[in-house]
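User: I'm new to reading protein models and would like a close look at one single part. Could you pick a small sheet and its surroundings, and walk me through the salt bridges there?

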Amino acid sequence: MTKILRKLMTRTGRVAATVAVLAAALTGTTAGTASATATAAGSWSCSGAPVPAGYVITMYNPSGCSNHGSWFQQPAQDRLWTCSGSPIVSGYVLTNYSVNGCSGVGAWYHELVRNGIWTCPYSPIPAGYRSTTYDARGCSGLGAWLTVKI
């Protein structure tokens with residue numbers, strides 16, 4: 001009887017694994033390696049997965065998710081490099097740019113807004129602040145604007 005159960009369990013395990021692989025192929029995710037819901041410390045997700053509110057994308061692995069690419073999502077925090085295309089969480093501004101950052105897809109430096117901070121192009125300007133002086137050398141040559149509290 002034990003031998004029959006072992007064979008059945010082995011077949012059941014193989015069937016479950018096959019179903020998981022098929023589901024992953026059809027949905028574009030990999031079971032056990034990617035999740036649309038990030039944890040408090042962050043987690044990897046496949047390209048195209050939604051980024052939870054309050055999270056940013058900080059790393060890119062082009063060979064992740066069966067060579068479709070994967071992104072590391074983690075909670076936003078002050079003074080953090082994020083990948084190009086990452087959400088910009090409310091209250092944060094972009095203050096620098098690296099063309100080589102995030103495995104070559106480009107990276108933006110996120111900081112909490114404060115009086116007298118220089119911001120890059122495409123940076124949101126939070127309510128209560130405005131852009132003033134321009135410096136063409138800022139943000140790695142993209143240009144930057146002095147952001148001051150109104």
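Analyst: Let's start with a term we'll need: a residue is called exposed when its relative accessible area is over 50%, buried when that area is under 20%, and partly exposed in between. R137, at 70%, is therefore exposed. One more thing before we go on: this is a predicted model.

Now for the sheet. It is an open one, built from three antiparallel strands in the order β4-β6-β5. The edges are β4, residues 80-83, and β5, residues 92-98, and each of these pairs on one side only. On average, neighbouring strands in this sheet are turned by 40 degrees against each other, ignoring direction. Between β5 and β6 (residues 107-112) there are six bridges, and these two strands run antiparallel.

Zoom in on H110, which sits in β6. Across from H110 you'll find L94. H110 has a relative accessible area of just 4%, so it counts as buried. Its side chain makes a polar contact with the side chain of T82, at 2.8 Å. Beyond four places in sequence, H110 touches a whole list of residues, including L80, T82, Y92, V93, L94 and R79.

That last name takes us to the salt bridges. R79 is in the loop between β3 (70-75) and β4, and its 48% relative accessibility makes it partly exposed. The C-alpha atoms of R79 and L94 are 9.7 Å apart, with their positions 15 residues apart along the chain. Apart from neighbours within four places in sequence, R79 is in contact with Y109, H110, E111 and R114.

One salt bridge joins the side chains of R79 and D78, at 3.9 Å from N to O. D78 has a relative accessible area of 30%, so it is partly exposed. R79 also forms a salt bridge with E111, where the closest N and O atoms are 3.5 Å apart. Because R79 lies in the loop between β3 and β4 while E111 is in strand β6, this pair ties together parts that are 32 residues apart in sequence. E111 is buried, since its relative accessibility is 9%.

Put together, D78, R79, E111 and R114 are linked in a network of salt bridges. The total count comes to four salt bridges. Another salt bridge joins R137 and D135, with their closest N and O atoms 3.1 Å apart, and that brings us back to the exposed R137 we began with.

Conventions
Residues are numbered from 1 along each chain as its sequence is written. This is a predicted model: local features need pLDDT of at least 70, side-chain atom pairs count only at pLDDT 80 or more; totals for chains, interfaces and linings use all residues. Side-chain values use heavy atoms; hydrogens and water are left out. Two strands pair if DSSP finds at least two bridges between them. Helices (H or I, at least four residues) and strands (E, at least two) are DSSP runs, numbered from the N terminus. Axes are lines fitted to C-alpha atoms, for helices over the stretch in contact, and angles run from 0 to 180 degrees between N-to-C directions. Buried means under 20% relative accessible area, exposed over 50%, partly exposed in between (1.4 Å probe, protein chains only). Contact means heavy atoms within 4.5 Å. A polar contact is a pair of N or O atoms within 3.5 Å; within protein, one must be able to donate a hydrogen and the other to accept it, and residues adjacent in sequence count only if both atoms are side-chain atoms.
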